[in-house]
Structures are given as C-alpha cells and as structure tokens.
Amino acid sequence: MEEDEGSAQEFTKDGSVDLRGRPAVAARTGRWKACSFLVGYEAFERMAFYGVAANLVVYLTTVLREETVASVRNVNNWTGSVWMTPIAGAYLADAFLGRFWTFTFSSLLYLTVRTASIGPP
C-alpha cells in the first residue's frame, strides 16, 4: 500500500498528462525549460505583431495604394481580429484539443502563414 502511495506522489496533482496521455511525472514536467520556451515564443510573437502593426498602414497606402482612411480601418479590423482569436483558441483548447495541442497547432499555423507571406516584393 505504501508503495502505491509513493509512486502516486511522483505524478502531478492537477491531472496533467504527457503527449501519450499518461499521467505526467512532476520531476520532469514544466519548470524552467517550459517557461523559457513560452517566454521566448511570446517575446518573438509580440515583436512580430508590433512590427507588422507599425508598418501596415504605410504598406497599405504606398504599395497597395489604399486611401488612408480605408487602410487605417483595415489595420483596426486586423488588430481586433488578432485580439479576439484567443477566445476561439480557448474554446478549442477547453472543448476539444487540450492546451498543448492547441498551442502546437496554432504555432504551426502562425509560422506557416507567416512564412507564406514572406516573398519577393
């Protein structure tokens, strides 16, 4: 009986599972390795967002020759969409995929769209 209690204490208390659906071992889960990945990802994502936002009106007015009012409206719509998509991600994570797979799929989608948009001028 004591052996069962000791082995149960090595797992996380919040019901977290690994990639294969097994209970996660607390000694090998999260900590600074996961934290550094998330902080780094978020820093690069913020730099990309604000870099695009700062140059989007200029791009729309000069390269695409939109009127200033229309380009500002498009940038505002884009910004609103960017800030609302976490709600959709939270729903997907809670209802269907789980937080790891939602984060992984959204990161891959973001990278795919971002690299597809980089091309010759």
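**Exercise 1.** Determine which salt bridge E42 forms in this predicted model, and where its two residues lie.

*Solution.* Step 1: the side chain of E42 meets that of R46 in a salt bridge, with an N to O distance of 3.3 Å. Step 2: both residues belong to helix α2 (residues 31-62). Step 3: E42 and R46 are 4 residues apart, about one turn of the helix.

**Exercise 2.** Find how many salt bridges the whole structure contains, and identify the network that they form.

*Solution.* Step 1: a search of the whole structure yields 2 salt bridges. Step 2: besides the pair of E42 and R46, the side chains of E45 and R46 meet at 3.0 Å, N to O. Step 3: through shared partners, the salt bridges link E42, E45 and R46 into one network.

**Exercise 3.** Classify E42, R46 and E45 as buried, partly exposed or exposed.

*Solution.* Step 1: the relative accessible area of E42 is 38%, so E42 is partly exposed. Step 2: R46, with a value of 23%, is also partly exposed. Step 3: E45 has 15% relative accessibility and therefore counts as buried, the cut-off being under 20%.

**Exercise 4.** Establish where confidence in the protein is lowest and where it is highest.

*Solution.* Step 1: the mean pLDDT of the protein is 81, and 87% of its residues reach 70 or more. Step 2: confidence is lowest in helix α1 (residues 2-9), with a mean of 51, and highest in helix α3 (residues 68-97), at 88. Step 3: over residues 1-6 pLDDT stays under 50, and the model has 0 contacts beyond four places in sequence for these residues. Step 4: where pLDDT is low, predicted coordinates should not be read in detail.

How values were computed:
Residues numbered from 1 in each chain as written. Predicted model: local features only at pLDDT ≥ 70, side-chain atom pairs only at ≥ 80, totals over all residues. Heavy atoms only, no water. pLDDT = per-residue confidence, 0-100. Contact = heavy atoms within 4.5 Å. Salt bridge = Lys/Arg side-chain N within 4 Å of Asp/Glu carboxyl O. Buried < 20%, exposed > 50% of the residue type's maximum accessible area, 1.4 Å probe, protein only.
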